[in-house]
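Here are my notes for you to read alongside the model. Take them one at a time, and keep the 3D view open while you do.

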Amino acid sequence: MTKDKVLALDIGGTNTRLGLVGRGGAIEGFRRLRSSEWNQDRPLERLGDLMEDYLKQEAPGGVLAISMGFPGAVDKTCRTLVNVPTIPELDGAPVADVLEERFKTPVFIDNDVVMLYFQAAQELNMPQSEVTLCFFIGTGLGNLIVLDGKVHVGAQGIAAELGHIPVYGKDGLCGCGNRGCAELYCAGHGMVSLRNRHYPGEDPDLLFTLHVNEAPVQEYLDLLAQVMATEMIILDPDTVLMGGGIVAMPDFPFEMLRAKVSGRLRGRDTGEKIRWFRATDAQRAGVAGAGLYAFNRLGGAK
Ligand SMILES: [Zn+2]
């Protein structure tokens, strides 16, 4: 019986993960594939084909809804993608309408960070708070501002794009079209170039285990702390959630980063008063979150 489940997709720059999610967030039929299998040419059509094949195999009876998290900005109505740096062909694509027409079932799309927040809030039992800031450090730097339990989307629906604030003195070309964006230097891309430059040929998973106190890694963490502190100084959060593939790496120096961020905040013990949460499952969280998000959007519908 799948008609009580949601087909949930976590679209990443590198991997696409999908599965059937039940009301409580449990996943069945989890799959992971390279995003390059569909995102190179006519991406929306090919992604649709892939979803159709999956549904034929895993949910022939249909699903309650389809829910998708994208690594980019979604318009305020959550129907159209505004800007997806890793899949520029989808910029401006009315994804929800196109897929709803094709599958004849409700389709929800949103920024992947929103999905991750839904999953973490349930799994970590996060308390209601005035200001929650989320930082997901994966391929890019995902960011979310939640005010009194409500996601702050902004006038155009593109608020909280902290990964795209400019870093002084940097000029690398970002997928968003601008130069010197923070996420090029303090998320996945920055980590890859750091490894290639300073620790070529080493097991990437051991970066923090072997080199955490060395200058290149410290500089990386300093920039990340600076970017996080910038938003925290402006919004004075009571709760902070961190997650993403880099935070889930072995020996990620969570306490060290927290100390670096706290040292930059206004007020001596502000960092101590903040409730910090850390999401550690970077593999399935986006899929579970997309499912939970859909159930939330569907309301009490059975
Ligand atoms: Zn950018």
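1. How far apart do the C-alpha centres of domain 1 and domain 2 lie? The answer is 25 Å. Keep in mind that we're looking at a predicted model here. The domain assignment gives domain 1 as 6–115 + 283–298, and domain 2 as 127–278, so when you colour domain 1, remember to pick up both of its stretches.

2. Now zoom in on where the two domains meet. Domain 1 puts 17 residues into the contact, and domain 2 puts in 17 residues too. On the domain 1 side, the elements that give two or more residues are strand E5 (73–74), strand E6 (81–83) and H3. The largest share comes from H3, with three residues. By type, that side splits into nine nonpolar, five polar and three charged residues.

3. Next, find the sheet with the strand order E3-E2-E1-E4-E7. It is an open sheet of five strands with mixed pairing. At its edges you'll see E3 (27–34) and E7 (107–111), each of which pairs on one side only. From one strand to its neighbour, the turn averages 15°, ignoring direction. As a bit of background, strands in a sheet pair through backbone hydrogen bonds, and they can do so parallel or antiparallel.

4. For an antiparallel example, look at E2 (residues 15–21) and E3, which are joined by six bridges. A good pair to click on is Thr 16 and its bridge partner in E3, Leu 33.

5. Which strands does helix H3 (residues 112–123) lie across? They are E1 (6–11), E4 (65–70) and E7, and the helix runs at about 95° to E7. Keep H3 on screen for a moment, as Tyr 117 comes up in the next point.

6. The largest nonpolar core has 78 residues, and the ones touching the most other members are Val 6, Ala 8 and Tyr 117. At least three residues of this core come from each of domain 1 and domain 2. Try selecting Ala 8: beyond its neighbours within four places in sequence, its contacts include Leu 18, Gly 19 and Val 21. Ser 67 is on the list as well, along with Val 287, Ala 290, Gly 291 and Ala 294.

7. There's another open sheet to find, again five strands with mixed pairing, in the order E10-E9-E8-E11-E12. Its edge strands are E10 (150–151) and E12 (275–278). For a parallel pair, go to E11 (residues 239–243) and E12, joined by four bridges. There, Leu 241 stands opposite Phe 277 of E12.

8. Two helices are worth a look here. H7 (residues 215–235) lies across E8 (131–137) and E9 (141–147), at about 170° to E8. H8 (residues 254–262) has Leu 257, Lys 260, Val 261 and Ser 262 as its buried residues, and H7 and helix H9 (270–273) are among what covers them.

9. Finally, check two loop residues. Asn 125, between H3 and E8, has a positive phi of about 55° without being a glycine. Is Asn 125 buried or exposed? Exposed, because it has 8 C-beta neighbours inside 10 Å. Asp 251 sits in the loop between E11 and H8 and also isn't a glycine, yet its phi is positive, near 60°. Asp 251 counts as exposed because it has 12 C-beta neighbours inside 10 Å, and the cut-off for exposed is 12 or fewer.

How values were computed: Residues numbered from 1 in each chain as written. Predicted model: local features only at pLDDT ≥ 70, side-chain atom pairs only at ≥ 80, totals over all residues. Pairing = 2+ DSSP bridges. Axes fitted to C-alpha atoms, helices over the stretch in contact; angles between N-to-C directions. Contact = placed C-beta atoms within 7 Å. Core = buried A, V, L, I, M, F, W, Y, C linked by C-beta atoms within 7 Å. Buried ≥ 20, exposed ≤ 12 C-beta atoms within 10 Å, placed from the backbone. Domains from an automatic or database assignment. Nonpolar A, V, L, I, M, F, W, Y, C, P; charged D, E, K, R; others polar.
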